[in-house]
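Trainee: Got a minute to go through this one with me? I'd like to talk about side-chain contacts, the pocket and the backbone.

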Amino acid sequence: MLSYQHLYHAGNMADVHKHAVLAWVLDYLGRKDKPLSYVETHAGRGLYRLDAAQALKTGEAAAGIAVAEARGWFASDHPYARVLALVRARAGAAAYPGSPLLAATLLRPGDRMQLAELHPAERAGLEATLAALPAPHPRWRVAAEDGLAMARALVPPEPRRGLMLVDPSYEVKAEYAALPPFLAAVHRRWGVGVLMLWYPLLEGAPHAPMLAALEAALPQGLRHEVRFPPARPGHRMRGSGLYLVNPPWGLEAELARLSGLFATL
Ligand code: SAM
């Protein structure tokens, strides 16, 4: 039984890290006039309200995106800031885009999104979010199946250029062990795909064996980690990690900029 709901965590510092990098990469890939695939294994509902009781209860967005914006981390022409502005203009000031809506906002009509979400209510929310996209928008499909199984079956996707985001909730501890062989298999079959895995930096570092296995299986990958203060006393998340395969040219400079910003927290 899945109990994770991203609404409690939307807009937290981990989302700021993951979504800022995702937006930067999609914007970069979209500069070339060739269609893209966007594949996401754990999509969530795509649109969150930061004034919902669940979001207010944890205070994670207040300690996340609200702090980043108050400090001017993202200029108005940064792709993450552009998406935030467009989504708020359409859905209200308290709206926050999840990764599928962020991607749908940056992608073009010739691009294609293939998303998986296992939780029925989150999936219904995602389908409603995408059905409300103003035209023109990329083609999209939401699969009601395990995201890793969906991704395994579809790689290499058509179009071949593109990105896969893997953003599990790590509710099931076995997920950590499954990810390195999964990403290595995806990379073998989709050598040109940009792969982006997110993982939490938790007290006790349960991600450490996964990272060692990833670095052994995909040594060319780029690891980027940031740390931040706990969103509330006792919160176990101490930071956010990304492991990227085939990172686009120029991303390292943006990652260095983000490292500098997170270091000021
Ligand atoms: N990527 C989203 C974003 O950044 O806006 C957040 C996704 S949230 C961390 C993880 C999602 O994965 C949850 O909505 C959960 O219901 C879903 N989920 C959990 N196990 C899954 C599985 N095996 N396959 C597909 N989705 C799953």
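**Rings, charges and a pocket**

Mentor: Sure, let's start with a ring: W24 is buried, with a relative accessible area of 17%. Keep in mind that this is a predicted model.

Trainee: Which helix are W24 and Y28 in, and how many residues apart are they?

Mentor: Both lie in helix α1, four residues apart, which is about one turn of the helix. Y28 is partly exposed, at 29% relative accessible area.

Trainee: How many aromatic pairs does a search of the whole structure find?

Mentor: Seven. One of them is W24 with Y28: the ring centres are 5.6 Å apart and the planes make an angle of 10°, so the pair counts as stacked.

Trainee: And what about F228 and F262, how are their rings arranged?

Mentor: That pair is tilted, with 6.3 Å from centre to centre and 45° between the planes. F228 sits in the loop between β8 (222-227) and β9 (237-245), while F262 is in helix α10 (residues 251-262), so the pair ties together parts that are 34 residues apart in sequence.

Trainee: Are F228 and F262 buried or exposed?

Mentor: F228 is buried, and F262 is buried too. They also belong to one aromatic cluster, together with W73, F74 and Y80.

Trainee: OK, switching to charges. How many salt bridges does a search of the whole structure find?

Mentor: There are 13. Among them is D15 with K18, where the closest N and O atoms are 3.0 Å apart.

Trainee: Where do D15 and K18 lie?

Mentor: In helix α1, three residues apart, so to speak about one turn of the helix. D15 is buried, at 1% relative accessible area, and K18 is buried as well, at 3%.

Trainee: Which ring does the charged end of K18 sit over?

Mentor: The ring of W198, at 5.4 Å from its centre.

Trainee: Give me another salt bridge. What do the side chains of R49 and D51 do?

Mentor: They meet in a salt bridge, 2.9 Å from N to O. R49 is partly exposed at 40% relative accessibility, and D51 is partly exposed with a relative accessible area of 41%.

Trainee: And D111 with R108, what's the N to O distance there?

Mentor: It's 2.9 Å. In that salt bridge D111 is buried, with a relative accessible area of 1%, whereas R108 counts as partly exposed at 22%. Going back to D15 and K18, salt bridges with shared partners join them and D167 into one network.

Trainee: Now the pocket. How much space lies in the largest pocket?

Mentor: About 930 Å³. It is lined by 44 residues, and the closest to its centre are Y4, D167, P168, S169 and Y170. So D167 turns up again, as a member of the network with D15 and K18.

Trainee: Which elements give two or more residues to that lining?

Mentor: Those are α1 (13-29), α5 (99-106), α7 (147-154) and β7 (194-202). Helix α1 gives the most, with four residues.

Trainee: What's the lining of the largest pocket like by class?

Mentor: It has 16 nonpolar, 14 polar and 14 charged residues.

Trainee: Y170 was in that list by the centre. What's its phi?

Mentor: Positive, about 55°, although Y170 is not a glycine. It is found in the loop between β6 and α8 (174-189), and Y170 is buried, with 4% relative accessible area.

Trainee: Which other residue has a positive phi although it is not a glycine?

Mentor: A205 does, with a phi of about 50°. A205 lies in the loop between β7 and α9 (208-217) and is partly exposed, at 30% relative accessible area.

Trainee: Last topic, peptide bonds. Is the one from A135 to P136 cis or trans?

Mentor: It's cis, with omega near -5°. P136 lies in the loop between α6 (120-131) and β5 (139-143).

Trainee: And what's omega for the bond from V155 to P156?

Mentor: Near 0°, and that bond is cis as well. P156 is in the loop between α7 and β6 (162-166).

Technical notes: Residues numbered from 1 in each chain as written. Predicted model: local features only at pLDDT ≥ 70, side-chain atom pairs only at ≥ 80, totals over all residues. Heavy atoms only, no water. 1 Å grid on protein atoms, 1.4 Å probe; cavity = no way out; pocket = protein on both sides within 12 Å on 5 of 7 lines; lining within 4 Å. Points joined across faces, edges and corners; volume = space filled by probe spheres on them. Nonpolar A, V, L, I, M, F, W, Y, C, P; charged D, E, K, R; others polar. Phe/Tyr/Trp six-rings, centres within 6.5 Å; stacked < 30°, edge-to-face > 60°. Buried < 20%, exposed > 50% of the residue type's maximum accessible area, 1.4 Å probe, protein only. Lys NZ or Arg CZ within 6 Å of the ring centre and 35° of its normal. Salt bridge = Lys/Arg side-chain N within 4 Å of Asp/Glu carboxyl O.
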